[in-house]
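Work through the two exercises below. Each task is followed by a stepwise solution.

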Amino acid sequence: MKKIGIFYGSSTGTTEAVAHKLAKMLDVAEADVHDIASVAPSAFAGYEVLVLGTSTWGVGDLQDDWYDFVDGAGVLDLSGKTMALFGCGDETMSDSFCSAVGKLYERFKPTGVKMIGAFNADGYSFSHSGALIDGVYVGLLLDEVNHPELTDLRMRQWVSEIKPLM
Ligand SMILES: Cc1cc2nc3c(=O)[nH]c(=O)nc-3n(C[C@H](O)[C@H](O)[C@H](O)COP(=O)(O)O)c2cc1C
């Protein structure tokens, strides 16, 4: 298995908690789970697989810490790396559910990374999500506000799909 790093931005701790749960499920050491508020984008260099997580704020915006990080990541050569995305949102923000995950996808897809982790799942209820691109969820979308009971199942399904690709 390749070296996996998990990078998350989280304002109230929800995405942070998911990141640590994912680390356990993917056998990633705690030292390889990074809050992007306190690590430089150059840390990407240490990993072959990058798992990125963001919550959605404003109306479909990235979690705040991602803005500077994404700017800083602009100079990095990410070609050859594998990337998977996850995010936390709130389905009652029905026009922008987990849209920040779509923003990370649009930002990093052109860099030459191999994107994995498109998620096929039922049970969501929203009008629009920027993370639904060409009919596919481009990452794992979680709603800890309204449907925490679905989180474990969704995480297990997603991990079982991405693990063989890592
Ligand atoms: C002011 C505000 C705006 C939000 N906007 C969105 C949104 O546009 N889409 C969405 O899916 N969730 C939205 N949320 C919900 C958060 O993404 C959700 O609470 C998430 O679990 C927070 O994760 P964090 O603690 O990791 O930052 C918003 C929440 C707040 C308080």
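The exercises cover the ligand site and one threonine.

The model is predicted: local features need pLDDT of at least 70, side-chain atom pairs count only at pLDDT 80 or more, and totals for chains, interfaces and linings use all residues. Residues are numbered from 1 along each chain as its sequence is written, and side-chain values use heavy atoms, with hydrogens and water left out.

**Exercise 1.** Find which residues come nearest to the ligand and which elements give two or more residues to its shell.

*Solution.*
Step 1. The ligand has 20 residues around it (a heavy atom within 4 Å). Ser10, Thr12, Thr15, Ser55 and Thr56 come nearest.
Step 2. Check the ligand oxygens. One oxygen atom lies 2.6 Å from a polar side-chain atom of Ser10. For a side-chain N or O atom of Ser96, the distance to a ligand oxygen is 2.7 Å. At Cys98, a polar backbone atom is 2.9 Å from a ligand oxygen.
Step 3. Assign the shell. Elements α1 (14-25) and β3 (49-57) each give two or more residues. β3 gives the most, with three.

**Exercise 2.** Decide whether Thr151 is buried or exposed, then list what Thr151 touches.

*Solution.*
Step 1. Locate the residue. Thr151 lies in helix α4, residues 151-162 (a DSSP run of H or I, at least four residues).
Step 2. Classify it. Thr151 is buried because its relative accessibility is 2%, and buried means under 20% with a 1.4 Å probe, protein chains only.
Step 3. List contacts (heavy atoms within 4.5 Å). Leaving out residues up to four places away in sequence, Thr151 touches Lys21, Leu142 and Glu144.

Terms used
Buried < 20%, exposed > 50% of the residue type's maximum accessible area, 1.4 Å probe, protein only. Polar contact = N/O pair within 3.5 Å; in protein donor to acceptor, adjacent residues only side chain to side chain.
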